[in-house]
Amino acid sequence: MDVKTLLLQQWASCLDKEDWFPPLEKVLDDITFEQAIWKPVDWEMNSIWELVCHLLFYEKRLLMRFLGETANEPKAEDNNSTFRLPTETVENWKETKQEYFYVHRELEKILAKSEHEDLYRQIPGERSLVLELKSLAMHDAYHIGQIVFLCKMQGAWPGKRSF
């Protein structure tokens with residue numbers, strides 16, 4: 001299996017193809033606004049929505065840098081700032097999810113169309129596309145685990161899964 005095929009498989013696993021962990025699209029499918037902003041009392045944890053904002057920040061930044069649109073990339077003072085929420089409304093929760101799904105799919109399209117030399121081209125402010133997408137896929141899987149844990153803490157996780 002070549003690196004592009006492997007990355008495409010990992011990238012899909014993070015969004016919409018079930019593998020060893022549930023894909024984010026399915027995890028977030030029935031998450032309500034209230035569940036998205038919920039945090040356990042007395043725990044230093046981010047909410048589901050904050051975690052999605054964090055994932056969106058890094059994927060959108062990579063997309064903008066890859067496209068050479070660095071003026072449009074999201075900015076943050078530090079990593080903690082990447083968890084910041086927009087105004088907390090039901091509509092903004094839906095928009096955050098949709099933007100994340102869109103950006104993830106745009107990066108998947110870029111990967112699918114990339115030739116071998118594109119995969120290893122240096123991206124401004126980043127490493128090569130292949131290294132960044134590999135790291136982001138692992139980063140997504142890590143935070144998807146946190147999101148699933150938050151769902152379970154709220155009782156918003158099915159007792160049985162499809163496999």
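**Exercise 1. Find out how far the sulfur of Cys53 is from the closest cysteine sulfur, and what follows for a bond.**

Solution. The sulfur of Cys53 has its closest cysteine sulfur in Cys151, at 15 Å, which is too far for a bond. A disulfide is defined as a pair of cysteine sulfur atoms within 2.5 Å, and the structure holds zero disulfides. Turning to burial, where buried means under 20% relative accessible area, exposed over 50% and partly exposed in between, with a 1.4 Å probe and protein chains only, Cys53 is buried at 9%. Cys151 likewise counts as buried, at 0% relative accessibility.

The model is predicted, so local features need pLDDT of at least 70 and side-chain atom pairs count only at pLDDT 80 or more, while totals for chains, interfaces and linings use all residues. Residues are numbered from 1 along each chain as its sequence is written, and side-chain values use heavy atoms, with hydrogens and water left out.

**Exercise 2. Describe the overall build of the chain, from its secondary structure to its dimensions.**

Solution. Begin with the elements, for which helices (H or I, at least four residues) and strands (E, at least two) are DSSP runs numbered from the N terminus: the chain has seven helices and zero strands. Next come the dimensions, and here the C-alpha trace spans about 50 × 40 × 25 Å along its principal axes. The radius of gyration, taken over C-alpha atoms, is then compared with a globule rule of 2.2 Å times the number of residues to the power 0.38; for 163 residues a compact globule would have a value near 15 Å, and the 16 Å of the chain agrees with this. Buried residues make up 43% of the 163 residues. Finally, with a contact defined as heavy atoms within 4.5 Å, residues 24 or more positions apart account for 73% of the contacts with a separation of 6 or more.

**Exercise 3. Work out whether helix 4 is enclosed or open, and how its span relates to the expected one.**

Solution. Helix 4 covers residues 48-66 and has 19 residues. The expected span of a helix is 1.5 Å times one less than its number of residues, and helix 4 reaches 27 Å from its first C-alpha to its last, close to the 27 Å expected. As to its surroundings, 18 of its 19 residues are buried, so helix 4 is largely enclosed by the rest of the structure. After helix 4 comes Gly68, whose phi is positive, near 75 degrees.

One partner can be traced from helix 5 (residues 90-113), in which Val103 is placed. Val103 is buried at a relative accessible area of 3%, and, residues up to four places away in sequence not being counted, Val103 touches Leu56, Glu59, Lys60 and Leu63. The C-alpha atoms of Val103 and Arg61 are 9.7 Å apart in space, although these residues are 42 apart in sequence.

**Exercise 4. Examine the salt bridges, and decide which parts of the chain the pair of Asp16 and Arg105 ties together.**

Solution. Side chains of opposite charge can pair when their charged atoms come close. A salt bridge is a side-chain nitrogen of Lys or Arg within 4 Å of a carboxyl oxygen of Asp or Glu, and the structure holds eleven of them. One of these joins Asp16 and Arg105 at 3.5 Å, N to O. Because Asp16 lies in the loop between helix 1 (3-15) and helix 2 (24-28) and Arg105 lies in helix 5, the pair ties together parts that are 89 residues apart in sequence. Asp16 is partly exposed at 22%, and Arg105 is also partly exposed, at 28%.

A second salt bridge joins Lys75 to Glu73 at 3.9 Å, N to O; Lys75 is exposed at 61%, whereas Glu73 is buried at 9%. Both belong to a network of salt bridges that links Arg61, Arg65, Glu73, Lys75 and Glu126. In a further pair, the closest N and O atoms of Arg127 and Glu132 are 2.8 Å apart, with Arg127 partly exposed at 39% and Glu132 buried at 11%.

**Exercise 5. Locate Gln35 and list what surrounds this residue.**

Solution. Gln35 is placed in helix 3 (residues 33-37) and is buried, with a relative accessible area of 19%. A polar atom of the Gln35 side chain lies 2.8 Å from the backbone nitrogen of Thr32. Apart from neighbours within four places in sequence, Gln35 is in contact with Asp30, Ile48, Gln154 and Ala156.

Definitions and conventions
Polar contact = N/O pair within 3.5 Å; in protein donor to acceptor, adjacent residues only side chain to side chain.
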